[in-house]
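Me: Could you take a close look at one part of this model for me, the sheet and the core packed around it? I'd like the strands, the packing and any odd backbone spots in one connected story.

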Amino acid sequence: MFLDGCCSQEAVRLGIHRTVHAGEVGPATVVREAVEVLKAERIGHGYRTLEDQDLYKDLLKKNMHFEMCPISSKWTGACPSDFSKHPIIRFRQDKANYSLNTDDPMIFDSNLALDYSTVHKYMGFTEEEFIRVNINSAKSCFLPDKEKKELLQTLHTAYGITQTS
């Protein structure tokens, strides 16, 4: 089912959360359309957002969540096969709100551990960045508020992070 602007407004009205896969391939304008027309709360991939710096800066300000999938982005040709040139590096440098994910594990013979080890090995991710990414991922998830709060508390405890109210 294709979601148009009218259906998107209805989804917003009904409290239905929206993730739109956009900007993996094609121009940055599809990311803009996903946000403005489809009312996306999360963007699946979004690498091409970097081609429109005004859009990118706007989405950073709005704390848009991007679902990054390093292994699949290599195999789909969405990003350079040289992981040291992957767009995730820019998102990390800018402290964007993103998560690391596995996409189509049966097709790409991948798993989350491989995606994590890849960004560690080729993109210089540190334990601090993994913690930040995991906390941001939990903050951006679609769980009901009570469950999200419990998840965040569990992560903070596991990571030894003292929360301030």
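Reply: Here is a walk through the sheet, then the core, then the backbone oddities and the charged pairs.

Keep in mind that this is a predicted model. The sheet is an open one of four strands, in the order S1-S2-S3-S4, and the pairing is parallel. S1 and S4 sit at the edges, each pairing on one side only. From one strand to the next the twist averages 25 degrees. In the middle, S2 and S3 are joined in the parallel sense over three bridges, and Gly44 stands opposite Glu67 of S3.

Now for what packs on that sheet. H2 (29-36) touches S1 and S2, and its direction makes about 165 degrees with that of S1. H8 (127-139) does something else: it lies across S2, S3 and S4 and runs at about 105 degrees to S4.

That brings us to the core. The largest nonpolar core holds 35 residues, and the ones touching the most other members are Tyr98, Leu100 and Phe125. Two or more residues each come from S1 (19-22), H2, H3 (53-61), S3 (65-68), H5 (88-93), S4 (97-100), H7 (112-123) and H8. As a general point, nonpolar side chains in soluble globular proteins tend to be buried together. There is also a second, separate core of five residues, with Ile131, Ala138, Leu152 and Leu155 among them.

Leu100 is a good place to zoom in. Leu100 belongs to S4 and is buried, at 4% relative accessible area. Its C-alpha atom is separated by 5.0 Å from that of Met68, although the two residues are 32 apart along the chain. Setting aside neighbours within four places in sequence, Leu100 is in contact with Met68, Pro70, Ile88, Leu112, Tyr116, Val119, Phe125, Phe130 and Val133. Phe125, counted with the residues up to four places away left out, touches Ile88, Arg92, Tyr98, Leu100, Val119, His120, Phe130 and Val133. So if you want a spot to centre your view on, try the contact between Leu100 and Phe125, given that Leu100 is buried and Phe125 is on its contact list.

Next, the backbone. Most residues other than glycine have a negative phi. His45 goes the other way, with a positive phi near 80 degrees. His45 is in S2, and at a relative accessible area of 1% His45 is buried. Lys39 also has a positive phi, about 60 degrees, without being a glycine. Lys39 is in the loop between H2 and S2 (42-45), and is partly exposed at 27% relative accessible area. If you're stepping through the model, that loop leads you from the helix packed on S1 and S2 to the strand that holds His45.

Finally, the charges. The structure holds 11 salt bridges. In H8, Glu129 pairs with Arg132, the closest N and O atoms being 3.1 Å apart. These two are three residues apart in that helix, so about one helical turn separates them. What might catch your eye is where they sit: Glu129 is buried, with a relative accessible area of 6%, and Arg132 is buried too, at 18%. Salt bridges that share partners also join Arg32, Glu36 and Asp52 into one network.

Set that beside H1 (residues 5-14), where Arg13 and Glu10 are three residues apart and therefore about one helical turn from each other. Their side chains meet in a salt bridge at 2.6 Å, N to O. Here Arg13 is exposed, at 59% relative accessible area, while Glu10 is partly exposed, at 34%. Another pair is Glu51 with Arg48, where the closest N and O atoms are 3.7 Å apart; Glu51 counts as exposed, at 56% relative accessibility.

As for the record, UniProt lists residues 8-156 as "domain: Adenosine deaminase" in an unreviewed entry. In the model, that span is 52% helix and 11% strand, with its end C-alpha atoms 34 Å apart.

How values were computed: Residues numbered from 1 in each chain as written. Predicted model: local features only at pLDDT ≥ 70, side-chain atom pairs only at ≥ 80, totals over all residues. Heavy atoms only, no water. Buried < 20%, exposed > 50% of the residue type's maximum accessible area, 1.4 Å probe, protein only. Core = buried A, V, L, I, M, F, W, Y, C linked by side-chain atoms within 4.5 Å. Contact = heavy atoms within 4.5 Å. Pairing = 2+ DSSP bridges. Axes fitted to C-alpha atoms, helices over the stretch in contact; angles between N-to-C directions. UniProt positions renumbered as here; feature names shortened; annotations may be inferred. Salt bridge = Lys/Arg side-chain N within 4 Å of Asp/Glu carboxyl O.
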